[in-house]
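Work through the exercises below with the model open. Each task is followed by its solution in steps.

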Amino acid sequence: QNLLSAAECIQKALDISKLNYTPEEIKKMFDLSSERFHRDLASVSGEIYPISTAIGFSLGKEIFCYPWMNTHDAARHLDKKLFDILKANNKTILLPACRGLLKTPFKKQLDCIIDLHAYNAKYYALSSEEKAKLKRVRGW
């Protein structure tokens with residue numbers, strides 16, 4: 001089965017959206033590696049997140065939603081630069097994550113954090129200092 005490469009997907013997306021970019025400009029904007037840019041999508045490993053974001057951007061998408069990640073995985077798989085690009089282009093980013101994400105560089109890039117853990121009984125056992133930190137986050 002022949003899968004498309006990132007370059008082919010981005011070109012098709014740009015053809016659909018009519019955005020005024022070239023695949024090479026998108027590659028550079030999202031810092032996609034030359035090694036994986038022309039591989040089929042089954043062979044891009046951990047670079048799938050920036051590639052899928054680049055494809056969505058090329059399609060003209062307005063909302064970007066990532067799968068739930070723990071803090072370690074988010075730090076490993078997501079690049080702050082991805083969010084910078086999306087925010088600079090007025091895109092909405094949805095990132096379901098755990099409370100630990102508040103202790104990472106991502107917290108300054110997110111407009112609103114909804115902590116689903118806060119609605120269970122364990123939240124009420126948090127120290128008053130930790131509750132105060134959470135409440136300072138916009139969206140609480």
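**Exercise 1.** State which phi Gly-60 takes just after H4.

Solution. Helices are DSSP runs of H or I with at least four residues, strands are runs of E with at least two, and both are numbered from the N terminus. Just after H4, Gly-60 has a positive phi of about 85°. The model is predicted, with local features needing pLDDT of at least 70, side-chain atom pairs counting only at pLDDT 80 or more, and totals for chains, interfaces and linings using all residues. Residues are numbered from 1 along each chain as its sequence is written, and side-chain values use heavy atoms, without hydrogens and water.

**Exercise 2.** Decide whether H4 is largely enclosed, and by which elements.

Solution. Count the buried residues (under 20% relative accessible area, 1.4 Å probe, protein chains only). In helix H4 (residues 48–58) 8 of the 11 residues are buried, so H4 is largely enclosed by the rest of the structure. Among them are Pro-50, Ile-51 and Phe-57. Then look at the partners: the buried residues pack against helix H1 (6–17), helix H2 (23–29), strand S1 (63–65) and helix H6 (80–88).

**Exercise 3.** Describe how H1 and H4 pack.

Solution. Take the axes as lines fitted to C-alpha atoms over the stretch in contact, with angles from 0 to 180 degrees between N-to-C directions. The angle is about 20° and the axes are 8 Å apart. Angles under 35 degrees count as roughly parallel, and H1 and H4 are therefore roughly parallel to each other. The contact (heavy atoms within 4.5 Å) involves residues including Ala-6 and Cys-9 of H1 and Ile-51 and Ala-54 of H4.

Conventions
Buried means under 20% relative accessible area, exposed over 50%, partly exposed in between (1.4 Å probe, protein chains only). Angles under 35 degrees count as roughly parallel, over 145 as roughly antiparallel, 65 to 115 as roughly perpendicular and the rest as oblique.
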